[in-house]
Amino acid sequence: MSDSSTRPSVAETKRQFLAIMNDLGELYERQISPGLVRLYWEDLGHLPIEAFEQLVRAHRRDPVRGRFFPKPADLLAAAEAIGGGALSADEAWTLALEVFDESASVCATEEVLTAAAAASGVWATGDKIGARMAFRAAYDRAITSQRAEGRPTVWRLSLGWDPELRARAAQAAVERKLITQEQAAPHLPPPEPEGPAAAVAGLLTGSSTVVPFPGGDEAKTRRRLAELREAITSAGRRAEPEGPSRTETIAARKRAALAALEAHRNQHAKEAG
């Protein structure tokens, strides 16, 4: 199983960081100078960009702190509050068992994925007890580092090879508000067509699914779609040559054209003579 996220470059992270700062400036009517961005980057640039965005979002929605433009300390305080909701070691191990399954997909925190990677070698040997001990040690280190750096809990999709399980895990993560709909979208099936579009698709593919049409002119609309389907079918029948194969028909036409051309040349020669 592999983590679906790819780490952006430092340049891309700085670009996203600046965009978030500019959004803050617009919201709080504050001018964002290069010097201000530099100071915030020094204090908060070590965070993953998703974590920084999560802290800014939490600050904006705080009924007390959110009334003022946040200082770095305000955002780090939000990180401490969010980080307090980290998974226990036992809860994290339950997720790690799913991470070890190559076919399964699971939404887990960065700390769970880091610790699972550290214990995966022991797990592969079949030593489940040793794998759990290695996982707990790595997880405790990851949580200690998270809290020391003031990083909030960030959830990510770790994808297995089964596409159906990917879609289920992504949808469940969205419903639990662990990730956004945009993050899950690449792993979800496309939406089914609705209304008239679904009816047209059904008629053209021969589907027996009946889709109600909006408005009161349903019968008229269905009749027109039926005529459209018949026209498409008739056009297909006309495209198929009757009797000889298509190749034979084309060959016959070529011979007729050559004969006509030869007759024209003979006639022209006679007139010229």
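Colleague: In this model, are W93 and F100 buried or exposed?
Modeller: The model is a predicted one. A residue counts as buried when its relative accessible area is under 20%. On that cut-off W93 and F100 share one class, and the class is buried.

Colleague: How are the rings of W93 and F100 arranged relative to each other?
Modeller: The ring centres of W93 and F100 lie 6.0 Å apart, with the planes at 70 degrees. Ring planes over 60 degrees apart take the edge-to-face label. The angle of 70 degrees therefore makes the pair of W93 and F100 edge-to-face.

Colleague: Which residues form one aromatic cluster with W93 and F100?
Modeller: Rings pair if their centres lie within 6.5 Å, and by this rule there are 9 aromatic pairs. W93 and F100 belong to one cluster. The other members of that cluster are W123, F135 and Y139.

Colleague: Where does W123 lie, and with which residues beyond four places in sequence is W123 in contact?
Modeller: W123 is part of helix α6. Its C-alpha is 7.9 Å from that of F100, although 23 residues separate the two in sequence. With neighbours within four places left aside, the contacts of W123 are W93, L97, F100, K128 and A131.

Colleague: Which accessibility class does W123 fall into?
Modeller: The relative accessible area of W123 is 24%. Buried requires under 20% and exposed over 50%. A value of 24% lies in between, so W123 is partly exposed.

Colleague: What is the orientation of α5 and α6 to each other?
Modeller: Helix α5 covers residues 89–99 and helix α6 residues 110–124, and their axes come within 10 Å. The crossing angle is roughly 60 degrees, and the crossing is right-handed. An angle of roughly 60 degrees falls outside the parallel, antiparallel and perpendicular ranges, so α5 and α6 are oblique.

Colleague: How many nonpolar residues does the contact of α5 with α6 have?
Modeller: From α5 come A92, W93, L95, A96, L97 and V99, which meet V112, L113, A116 and W123 of α6. No polar and no charged residues are found in this contact. The nonpolar count is 10.

Colleague: How is α1 oriented with respect to α3?
Modeller: Helix α1 spans residues 10–28 and helix α3 residues 49–61; their axes come within 10 Å and cross at roughly 10 degrees. Angles under 35 degrees count as roughly parallel. The orientation of α1 to α3 is therefore roughly parallel.

Colleague: How many charged residues does the contact of α1 with α3 have?
Modeller: On the α1 side the residues are T13, Q16, F17, I20, M21, L24, L27 and Y28, and on the α3 side I49, F52, E53, V56, H59 and R60. The contact has 9 nonpolar and 3 polar residues. Its charged residues number 2.

Colleague: At what angle do α1 and α2 pack, and how does α1 pass α2?
Modeller: The axes of α1 and α2 are 11 Å apart. Their packing angle is about 120 degrees, and the crossing of α1 past α2 is right-handed.

Colleague: Which residues of α2 make the contact with α1?
Modeller: The α1 side is made by T13, K14, F17, L18 and M21. By class, the contact of α1 with α2 has 7 nonpolar, 1 polar and 1 charged residues. The α2 residues in the contact are V37, Y40, W41 and L44.

Colleague: Is E29, in the loop between α1 and α2, buried or exposed?
Modeller: E29 has a phi near 55 degrees, a positive value in a residue other than glycine. Most residues other than glycine have a negative phi. The relative accessibility of E29 is 76%, over the 50% cut-off, so E29 is exposed.

Colleague: What is the C-alpha separation of K177 and W155?
Modeller: K177 sits in the loop between α8 (163–175) and α9 (181–184) and is exposed at 74% relative accessibility. K177 and W155 are 22 residues apart along the chain. The separation of their C-alpha atoms is 9.8 Å.

Colleague: Across the protein chain, what percentage of residues count as buried?
Modeller: The protein chain has 12 helices and 3 strands. Of its contacts with a separation of 6 or more, 63% join residues 24 or more positions apart. Among its 273 residues, the share counted as buried is 33%.

Key: Residues numbered from 1 in each chain as written. Predicted model: local features only at pLDDT ≥ 70, side-chain atom pairs only at ≥ 80, totals over all residues. Heavy atoms only, no water. Axes fitted to C-alpha atoms, helices over the stretch in contact; angles between N-to-C directions. Helix = DSSP H or I, 4+ residues; strand = E, 2+ residues; numbered from the N terminus. Parallel < 35°, antiparallel > 145°, perpendicular 65-115°, else oblique. Left-handed = near helix turned anticlockwise from the far one by under 90°. Contact = heavy atoms within 4.5 Å. Nonpolar A, V, L, I, M, F, W, Y, C, P; charged D, E, K, R; others polar. Buried < 20%, exposed > 50% of the residue type's maximum accessible area, 1.4 Å probe, protein only. Phe/Tyr/Trp six-rings, centres within 6.5 Å; stacked < 30°, edge-to-face > 60°.
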